[in-house]
Each structure stands twice: as structure tokens, then as C-alpha cells.
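Work through these exercises with the model open. Try each task before reading its solution.

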Amino acid sequence: MTLDQTQEFLVQPVDASWLQCNIECQEACPVGTNCRGYLNLAAEGRFEEGYILSREPNPVAAMCSYVCSAPCERACRRGDIDRPLAIRAMKRFLVEWHEASGIPDVMPAITPREERVAVVGAGPAGIAVARELATRGYQVTVYDSLPFGGGTMLIGVPAFRLPREAIEMDVRLVERLGVRFVFDTQIGIDIPFEDLQRDFDAIAITAGAMNPVVLDVPGSDLDGVQYGVDYMKKANLGQELTVGRDVVVIGGGYTAMDCSRTSLRYGAEHVTIAYRRTRSELVVDEEELGETEREGVRMEFLVSPVELLGEDGHLTGVRFIRNKLGEPDASGRRSPVPIEGSEFVVPADTVIPAVSQAADLSFLPVESAFEVNRGRIKVDPATYATNVRGVFACGDFVTGPTTLIEAAGHGKKAAYAIDRYLAGRTSVTVSPNVKITSSWRHDMPELYDVLPRQHIPMVELPARMPSTDPSVNFTTPVELGYDTTAAVAESTRCLMCNYNIWFDPFRCVLCGACADVCPEGVIHMVDVNQLKTEGLLPEIEEAYGWSQGAAMILDEERCIRCALCVKRCPFDAITMERFELQEISSDGRLYKESYRDAQLAGTAGVAGGAR
């Protein structure tokens, strides 16, 4: 690749922040999971240690291993070269390996405290709050109106995607920390909210957002309209579910996909998903969309419903209008604009709106005077505190519908804030502990650069719906997961982004041998005057104007850590730097780690992880 001689390059100092940002999978994870670490452990066959590393920062690791939206995969640097690592599927392999092994989860030593905390909602955010506070010794009680834990994961995600056993794994581990769960209990009805305020030192509201947003078009009151959240709740709780022959699902998120696939399992013959934007703007991952289409769901993009049609009060069809993309809206996405005269009708005897959900605030006492904005409780973004003393809120209840892992990340941060509140701390500092090890020897695993992404095995289409009994079809798994061979092969593809190439300017003679040997063409020699710096970098400032000045630059985004440049350099001017980081707060929390993977093995903490 030839570089433009007039192109400018922004130079930044190599500090802990920059090095950590290179580990893009971890930076994208809302709970800071060291994905790279457990992939590398799995590649070595150290599966239990990999499980420990994947479990420790993630209070809902088992659920995530099946249905996480996997922002880590979208960030994975391997995706710039061919396809990203199957990080979620690898977590599932490690979780299932651990369960099958019979190795017990190691619980941390907990020093009990007197303070009591009530958590309203046993979904991902509630589980995260409960676990983090329980490990600090607080007496935590979780209340939920459902018969089991899991919240949205229990009633919103179908059993063919998320086995109930995975939900139980996460709830069971939190229970072992001393958390008490109280199910089939509605706050505001069975227990007044005021009782919680009287009996507990703090309250965390993590009640989710499970009220459907009403479809505002003529005919929405016809018989045959079932909202997605209610539809999935009935299916998941084994209640009677009526599904017609022709089903139209309106929406483009995970709920829409789940409703469409559930309809097929309950006997629908024709299922259509209607989405007002384009395929590229869907928020679901490509594998979920692919499986939905493979099962026979038809996709209609750039369409909006304008009217539900019916006869004698019963639904018969949906009139749509086609859209084109206009100017970007507040989210940065181009808004759909209706095309005049493009209306068409899709036959339907069941319509499932799955556009969005809202929080239910009815259990909150009016006299408490909570600040509410657009149907959501207002909280301080730094402390998650509401305007009512001692009451905090987080997760979908505050943000609106998000993903499993985002809700868990929100819950962890809220738990930290509640801990600070109860302990009387006004501020907490986080200090990075960095270790960098230089080496002239670095060997990547054999064939790591040519291994393709391993296909995640799926059940054949006819076997996904093997019965005339809808409940059997609904609970028949679709994804099989990796076996050991595929898991090792997939994790071997990791590019080990905790390693970085380092040029020693005092040894380098600018011979260009490194650039010649680089298989990806990511090393270049440029005029020093093409470098620009935002901060004070004396080495660059002093070289400006030197006509003979040159610099070696490396594209970190596409470097595959093969270390051929290290081996080729005739003057040992290039080394491979292993970066390790611990971020520890002044109140003793491990906020983030990217340190040597072996350090976690056998140490005390939740499920064996460091604390």
C-alpha cells in the first residue's frame, strides 16, 4: 500500500489509556469482561480458568453465553481482517464445560454488614446490583412479581434461545452469596413501597420496562392484535397463546425476531416482519437475523403501518406504506419518509407490535414525589440516586429497553454508588496499575491467521419444530454450541491485542526491513513533518522542519501480532510489548483487569475470580 505524501498522522503518547483502548473487545463490554483473556486460556485448553475469567466480572455470565448482544464481537479487531471472534459462543462453551465438569464455584469470603438493601426486580440489572452488594457484605433482599428470577430474560426471551437452566445458574450463584429472593410478590400491592423505605437502608429499583408502547394507527383495537412483550410472556410462562395463520410482526429488534420465530412454533403458516428502516439499521446481530430468515420468516424493510384492517371486529390485514430514507434524526440514523402512493396490504389475522416498551411506575407512591421525565424516573447519572433519599434506580427502568449486558453493566455501577452512599464515601479514585514486559520473542499459535471463523452448529430446520405440541417446539434448542475442537480452533484466532509493537528510536536506522517483511503492509516510513501531535511530545516537536527526518508508523488496527518485524530487524530495534493493567479503586474494587491470565487461577473471589 502506498501512502499519500501529503497525508497527516495524529501522534498520541503511549500511556495506559491508549494501550487499554487497543483491547477493543474489553472496552466495548459494559461489564468490562476480559474477553481476550478467556479466549487465550481456551486456546491453551485451560477451560476452567477461562470460565473463571469470563464469570468474574459478569453477574449474568450464563445468560450472556446464550443471548448476549455481544458488543465485544462488533468491536473485535479480527473483524477488520476477516470475521470477528465468536466471543459469545466461546463463553457458552466455557459455561457448559464448567457445568459438565462438576467443579464447584468458589465463593468469596464475605464480611457481613448491618445495612439492608431492597432490590425491586430480579432481572439482569437487579441480579447485578444484588451480587455486587452481597460481596461487600450487605444484606440484600430481591423482590419480583414473577415466579422465578430472570426478569425480561425469563418472560421476554424464548426458551429455544435461552434455556431456563442458564437463568437458574446465575440466580443460584447470587443466592449462594446470601441474597434472599422473594418471588410472586408485587411491590405496591403485596408490600407497600413505604414498608421498604421503612425497613431498608437503601432501595434499588430495577423493575425493567415491560409495558408495551401502544401502536397508534386506526384499527389497533381489533381482535387479533397482541403486543410483543405480552405475547412472549404468555409463551414463556406456559399460558394459552392464540396464533393465527398469517402473522405480521411490526418492529426490528430482538423482541420482533423472537415473536416471529415463536409464532412459527405455535403453528403460524406465514410470518412477516415489517421494519421501517433498512436491513443495515437492524439492532439484532447477523446470526439471529439469519436464523430467523432460515426458519421462513419474510422480511419487509422500509415500510410503516398506516392502518389495521378488519371485518366484524376481527383483524384481516395491515395496510403499509413504503418509506425512503431522509435526513438523520436525533440518533444519527436517517429518518424514514413515507412515499406517497406506495401503499399495499399484507393479509394478517394476528398482528404483533414489538416496537418498544416502557416502565411501569404504578407501584411508586404518589406522595413520594419522584421526579419523572417522559415516563421514566430521573436519576443522577453519576450516582443513580433519585430525588427521594435512599432510593436508587437503574437498568431498563431508567434507560428504556436496552440489552441484557447493558442492563447488567448499569446494575454494577449503581451497586458501586449504593455502596458509597451507605459507607458514607463522597468520592472514589481509580488508580491504574500497569506492567509492560518487553520481549524479542513472541510466537502466535500455528495457523491463527488463516483459521476461518468456526461455524456455530445449529439444529437442522426440520428438527427445530419436531412436534405438533407448541410447548415442545418452543423449548427445543436451536443453537448447539461448539465442541472442544471447534472451541480451541475459534479461540486460537484471537489477535492478542494486549501485545503491541514498539520501535526503539535509538536503535532504529530506518532501513525499512520491517516494512518489507510485514505481511499485512501496516508498517510505513513517513516524513517526520507529516506527524501532528495534540499534546506536548518533545521528540516530535524538536524534529519538525528537519528535511531528512523520517519516522516509522504502524497501523494498530490491522496489525496481526505475527512479530515478523521483531524477528527481521537487524538491530533489535523492535520489541513486542505485553501490556497488563489493573484498575483498583480507593474503596478496594477491581474495576477492570487486563493482566496476566494465570493470575486469576485459584484466587479467591466470585466463582474463583480476583476481588
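**Exercise 1. Which residue forms a salt bridge with Arg265, and how far apart are the closest N and O atoms?**

The model is predicted, so side-chain atom pairs count only at pLDDT 80 or more.

Step 1. The partner is Glu295, and the closest N and O atoms are 2.9 Å apart.

Step 2. Place the two residues. Arg265 lies in helix H13 (residues 254-265), and Glu295 lies in the loop between helix H14 (286-294) and strand E9 (298-301). They are 30 residues apart, so the pair links distant parts of the chain.

Step 3. Check burial. Arg265 has 1% relative accessibility and counts as buried. Glu295 is buried too, at 10%.

Step 4. Look at the ring beside the charge. The charged end of Arg265 sits over the ring of Phe160, 3.8 Å from its centre.

**Exercise 2. Locate the salt bridge between Asp443 and Lys567, then find the network that takes in Arg265.**

Step 1. The closest N and O atoms of Asp443 and Lys567 are 3.5 Å apart.

Step 2. Asp443 sits in the loop between strand E19 (430-439) and helix H17 (461-464), while Lys567 sits in helix H22 (residues 564-568). The separation is 124 residues.

Step 3. Asp443 is exposed, with a relative accessible area of 55%. Lys567 is partly exposed, at 47%.

Step 4. Now the network. Salt bridges with shared partners join Arg161, Asp258, Arg261, Arg265, Glu288, Glu291, Arg294, Glu295 and Arg464.

**Exercise 3. Find two contacts that strand E25 makes with parts far away in sequence.**

Step 1. Start with the aromatic pairs; the whole structure has twelve. One of them joins Tyr416 and Tyr591, with 5.1 Å centre to centre and 40° between the planes. That geometry is tilted.

Step 2. Tyr416 belongs to helix H16 (residues 404-423) and Tyr591 to strand E25 (residues 590-593), so the pair ties together parts 175 residues apart in sequence. Tyr416 is buried at 8% relative accessible area, whereas Tyr591 is partly exposed at 26%.

Step 3. Turn to the salt bridges, of which there are 44. Glu27 pairs with Lys592, with the closest N and O atoms 2.9 Å apart.

Step 4. Glu27 lies in helix H2 and Lys592 in strand E25, so this pair ties together parts 565 residues apart in sequence. Glu27 is partly exposed at 32%, and Lys592 is buried at 17%.

**Exercise 4. Is helix H3 largely enclosed or open?**

Step 1. Eight of the nine residues of H3 (residues 35-43) are buried, so the helix is largely enclosed by the rest of the structure. Among the buried ones are Arg36, Tyr38 and Asn40.

Step 2. Identify the packing partners. The buried residues of H3 pack against helices H2 (24-28), H4 (47-55), H6 (71-75), H7 (87-101) and H19 (484-492).

Step 3. Follow the chain onward. Just after H3, Gly45 takes a positive phi of about 80°.

**Exercise 5. Which element gives the most to the largest nonpolar core?**

Step 1. The core has 136 residues. Those touching the most other members are Val129, Leu162, Val249, Ile418, Tyr482, Ile501 and Ile523.

Step 2. Helix H16 gives the most, with nine residues.

Step 3. Another core, of 20 residues, lies apart from it and includes Ile203, Phe363, Ile377 and Ala393.

Step 4. Phe363 also appears in an aromatic cluster with Phe193, Phe370 and Phe397.

Conventions. Residues are numbered from 1 along each chain as its sequence is written. This is a predicted model: local features need pLDDT of at least 70, side-chain atom pairs count only at pLDDT 80 or more; totals for chains, interfaces and linings use all residues. Side-chain values use heavy atoms; hydrogens and water are left out. Rings of Phe, Tyr and Trp (its six-membered ring) pair if their centres lie within 6.5 Å; planes under 30 degrees apart count as stacked, over 60 as edge-to-face and the rest as tilted. Helices (H or I, at least four residues) and strands (E, at least two) are DSSP runs, numbered from the N terminus. Buried means under 20% relative accessible area, exposed over 50%, partly exposed in between (1.4 Å probe, protein chains only). A charge sits over a ring if NZ of Lys or CZ of Arg is within 6 Å of the ring centre and within 35 degrees of the ring normal. Contact means heavy atoms within 4.5 Å. A nonpolar core is a set of buried Ala, Val, Leu, Ile, Met, Phe, Trp, Tyr and Cys residues joined through side-chain atoms within 4.5 Å. A salt bridge is a side-chain nitrogen of Lys or Arg within 4 Å of a carboxyl oxygen of Asp or Glu.
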